[in-house]
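Trainee: Could you take me through one part of this model in detail? I'd like to look closely at the sheet and the core around it.

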Amino acid sequence: MRQPEAKDFESSGQAPRRGADRADKGMEDRGGFQRSDTGGNRNIDHSPSSKEQHLSLTADQYKGIMARYPSGVTVVTATDTNGKDFGLTVSAFTAASLEPPLVLVCVDTSSNTLPAIRESQAFTVNILEAGKQDIAIQFASKDSDKFLAVNVENTSTGPVLVSGVVAYLRCRVESQIEAGDHSIFVGLVEDARVIDESRQGLLFCDRAFWRMVAVD
Ligand SMILES: Cc1cc2nc3c(=O)[nH]c(=O)nc-3n(C[C@H](O)[C@H](O)[C@H](O)COP(=O)(O)O)c2cc1C
């Protein structure tokens, strides 16, 4: 039996620095945040002054660590109240609950897509297919015409990409949490579909895009 978690990866190209720095982005300003050794949980002081006094992880160290964590790649879309479509590449997407089905996405507060998610209280997560890093790069840009080269099906939660996607989830915003320089949107999945069971998702790790190779 094939173990789904037992994969290794083949790189299919480097992401552009701008996009690849997503996990990095914003963290530069924070300058790291981990406490140095406090001698165990009993002694942890969560006050801001304590955090400032105990900074030991630099932004570069944090970025380097997070770069080693493999993730899938999605395009999160939303449509504002004027009917304009927005979308950005997001790797910070995860399942949060099975019952009810909840997912969460983390969106940079500087994102042009964020106001559309807030306004519509909805978003669509398009899970990109292996080999479709061109779409990831396109939606990691700040171009105003990101949707020109892609076919979409418009939905009430935001566009579903017609090709290059292995599955999508259409979500209503259940709650929003402000977390530093990102907003975390928890979405209740109201509609979801696998487009093609035979295809696998695109991976992102170590600032590059990869495809999966099963280890059996
Ligand atoms: C592989 C990859 C993953 C990314 N993940 C995220 C993410 O999880 N959250 C986020 O806010 N930005 C992420 N980005 C960066 C955004 O896609 C990028 O800032 C984009 O330009 C935002 O577009 P917008 O301002 O039009 O919404 C990622 C970029 C890449 C290349």
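Mentor: Happy to; here is a walk from the whole chain to the sheet, then to one valine, and last to a glutamine.

Do keep in mind that this is a predicted model. The chain holds 6 helices and 13 strands, and buried residues account for 28% of its 216 residues. Of the contacts between residues at least 6 apart in sequence, 70% join residues at least 24 apart.

Now to the sheet. It is open and made of 7 strands, running β4-β3-β7-β10-β11-β6-β5 with antiparallel pairing. At its edges are β4 (85-90) and β5 (93-97), each paired on one side only. From one strand to the next, the twist averages 35°.

Let's stay with the β5 edge. β5 pairs with β6 (residues 102-108) in the antiparallel sense, over 4 bridges. Phe 93 has Val 105 of β6 as its bridge partner.

Val 105 is worth a pause. Leaving aside residues up to four places away in sequence, Val 105 touches Val 76, Val 90, Ala 92, Phe 93, Phe 123, Val 125 and Phe 185. The largest nonpolar core has 36 residues, and Val 105 is among those with the most contacts inside it, as are Val 76, Phe 123 and Val 125. In soluble globular proteins, nonpolar side chains tend to be buried together.

For a polar residue, look at Gln 138 in helix α6 (residues 133-139). Gln 138 counts as buried because it has 20 C-beta neighbours inside 10 Å. Beyond residues up to four places away in sequence, Gln 138 touches Lys 146 and Ala 149. Ala 149 lies 11 residues from Gln 138 in sequence and 9.3 Å away in space, C-alpha to C-alpha.

Notes:
Residues are numbered from 1 along each chain as its sequence is written. This is a predicted model: local features need pLDDT of at least 70, side-chain atom pairs count only at pLDDT 80 or more; totals for chains, interfaces and linings use all residues. A nonpolar core is a set of buried Ala, Val, Leu, Ile, Met, Phe, Trp, Tyr and Cys residues joined through C-beta atoms within 7 Å. A residue is buried if 20 or more other C-beta atoms lie within 10 Å of its own, exposed if 12 or fewer, and partly exposed in between; C-beta atoms are placed from the backbone. Two residues are in contact if their C-beta atoms, placed from the backbone, lie within 7 Å. Helices (H or I, at least four residues) and strands (E, at least two) are DSSP runs, numbered from the N terminus. Two strands pair if DSSP finds at least two bridges between them. Axes are lines fitted to C-alpha atoms, for helices over the stretch in contact, and angles run from 0 to 180 degrees between N-to-C directions.
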